[in-house]
Amino acid sequence: MADDYLVRIGKLIRDARQHRGWTQSQLADALGTSQSAVNRIERGNQNISLEMIARIGEALDSEIVSLGYAGPMHLRVVGGRRLSGAIDVKTSKNACVALLCASLLNKGRTVLRRVARIEEVYRLLEVLNSIGVRTRWINDGVDLELVPPARLDMDAMDADAARRTRSIIMFLGPLLHRMDHFKLPYAGGCDLGTRTIEPHMIALRRFGLDITATEGIYHAQVESGISPDRPIVLTERGDTVTENALLAAARHDGTTVIRNASSNYMVQDLCFFLEALGVRVDGVGTTTLTVHGVPNIDVDVDYSPSEDPVEAMSLLAAAVVTESELTIRRVPIEFMEIELAVLEEMGLDHDRSAEYTADNGRTRLVDLTVRPSKLEAPIDKIHPMPFPGLNIDNVPFFAAIAAVAQGQTLIHDWVYDNRAIYLTDLNRLGGRLQLLDPHRVLVEGPTRWRAAEMMCPPALRPAVVVLLAMMAAEGTSVLRNVYVINRGYEELAERLNSVGAQIEIFRDI
């Protein structure tokens, strides 16, 4: 093995170890070797077998080298460049995955327009294909057609694909109307701490669904004839919890009232889609939804999901941290108003076009132009709230924005167990972020960004925040294993390059 490869593998192992938070001694203990041997491996000074590479990857829960197929994708970022021009916001990732799950309600043909071509969508399509749903990209790969079989083959489900997406949990609502028992693998996705399905079950038990969890599998049993006899009160105002309740109610023969429902963007898109299927939903945009179910849905439907406010926030943050003037087109403004109000108080220089309507005919859009601004830290802490509050997924972008503002900003990410921890990866790039506890981080600005080579955080939004900081840092940075970014963004590097970024996609050995 050439010395150059030994050095490159050593760097991969070192980055994976550091991201895991281990010392060389801890890795040595896990491998049954010495700390000095680990040190030599990381410096590229020791021959290393494929077996040892595999053992190290298993110990660190990180794919060090891939054999037999293209390895992990990495990004090489030349930072310090200004962005310019205009960029369009893509359709909502979270709406698209909800609509893919909702297509299981329909016996007819479903066409979804401008579907986000992202890894999360691909994983769900693999699952749907495996159980018999025919899917194909149409209109030059822009739109997606889904045609269900007369009977789903649940025993043939692609379990590996299902485990790689948390969205699989939203199969519960549609499937309980199609069969009296079925199995689903445990939901996967971002590493954002332990999440229970109990809030889902509180709603779905009212439709006769019971679940037993054993050895990585949810065993679902449906008791026929059970229906809600009073309003369903959700114990958390979660997006996927609300969506699952809506999916269960859509084919329930009767009226279902859902209280403490999320009114977030992806829930509204799902409601609009259900209406296209012939299901009446009252109260869209509020916390009380009344669903007039249709027991048999067999229609050919054509629907256009709206744009993604979190991607819009990502692009806005890219302009802010690189001190650029950038126009972001097709911004779903009703889901960005609180964020913009906070940024205005911080001193953001921007303007917006007159409002116009998204292709779904309901969501309000604007074109937003952001200019270089001298920002001051906000007086109040940054914290998420259910819609119409500051979006939970937009909170991480304020870490990068606060890092370029004058003063201290407290960010309180109370929803996830450990997402705030991943934000401290910005310190590797020159940031000054102090972790106060697993949910709170104090950001000191302004920041003199510096280039670095590092592993991608295993959570989608913090990973993009790190990429944005690399774009602001003078010099060349490397972000390794960016699969998590591809889960939620379509061709993000190429699109940022179209407005002036310099990001190269590459793979290792």
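Here are some notes to help you find your way around this structure, which is a predicted model.

1. Let us start with confidence. The chain has a mean pLDDT of 90, and 94% of its residues reach 70 or more. Residues 189-195 are a stretch to treat with care, since pLDDT stays under 50 there. The model still gives that stretch 25 contacts beyond four places in sequence. Where pLDDT is low, it is wise not to read the predicted coordinates in detail.

2. A good helix to visit is H11, which covers residues 265-276. With 12 residues at 1.5 Å each, H11 should span 16 Å, and its end C-alpha atoms lie 17 Å apart, which agrees. H11 is largely enclosed by the rest of the structure, because 10 of its 12 residues are buried. The buried set runs from Tyr265, Met266, Val267, Gln268 and Asp269 on to Leu270, Cys271, Phe272, Phe273 and Leu274. After the helix comes Gly278, with a positive phi near 100 degrees.

3. How do H5 and H11 cross? Two packed helices are described by the angle and the distance between their axes. For helix H5 (residues 93-102) and H11, the axes come within 8 Å and cross at roughly 35 degrees. The crossing of H5 past H11 is right-handed. On the H5 side, the residues that meet H11 are Asn94, Ala95, Ala98, Leu99 and Ala102. Their partners in H11 are Tyr265, Met266, Asp269, Leu270 and Phe273. Sorted by class, this contact has 8 nonpolar residues, 1 polar and 1 charged.

4. Helix H6 (residues 119-130) makes a nice second stop. Its 12 residues should span 16 Å at 1.5 Å a residue, and the end C-alpha atoms are 16 Å apart, in agreement. Since 9 of the 12 residues of H6 are buried, the helix is largely enclosed by the rest of the structure. Among those buried residues are Val121, Leu124, Leu125, Val127 and Leu128, and also Glu119, Glu120 and Arg123.

5. What covers the buried residues of H6? The cover includes H5, together with helix H7 (159-163) and helix H17 (483-488). Strand S4 (134-138) and strand S5 (143-147) also take part. Just after H6, Gly132 has a positive phi of about 110 degrees.

6. Next, some backbone details that are easy to miss. Most residues other than glycine have a negative phi, and most peptide bonds are trans. Asn260 has a positive phi, near 60 degrees. Asn260 sits in the loop between strand S10 (255-259) and H11. With a relative accessible area of 25%, Asn260 is partly exposed.

7. Glu323 also has a positive phi, near 55 degrees. Look for Glu323 in the loop that links helix H12 (309-321) and strand S14 (326-332). Glu323 is partly exposed as well, with a relative accessible area of 48%.

8. Where are the cis peptide bonds to look at? One runs from Phe387 to Pro388, with omega near 15 degrees. Pro388 lies in the loop between strand S17 (364-371) and helix H14 (395-403). Another cis bond joins Gly445 to Pro446, with omega near 0 degrees. Pro446 belongs to the loop between strand S20 (440-445) and strand S21 (453-455).

Note on methods: Residues are numbered from 1 along each chain as its sequence is written. This is a predicted model: local features need pLDDT of at least 70, side-chain atom pairs count only at pLDDT 80 or more; totals for chains, interfaces and linings use all residues. Side-chain values use heavy atoms; hydrogens and water are left out. Helices (H or I, at least four residues) and strands (E, at least two) are DSSP runs, numbered from the N terminus. The expected span of a helix is 1.5 Å times one less than its number of residues. Buried means under 20% relative accessible area, exposed over 50%, partly exposed in between (1.4 Å probe, protein chains only). Axes are lines fitted to C-alpha atoms, for helices over the stretch in contact, and angles run from 0 to 180 degrees between N-to-C directions. A crossing is left-handed if the near helix is turned anticlockwise from the far one by less than a right angle, and right-handed if clockwise. Contact means heavy atoms within 4.5 Å. Ala, Val, Leu, Ile, Met, Phe, Trp, Tyr, Cys and Pro count as nonpolar, Asp, Glu, Lys and Arg as charged, and the others, Gly among them, as polar. pLDDT is the predictor's confidence in each residue, from 0 to 100.
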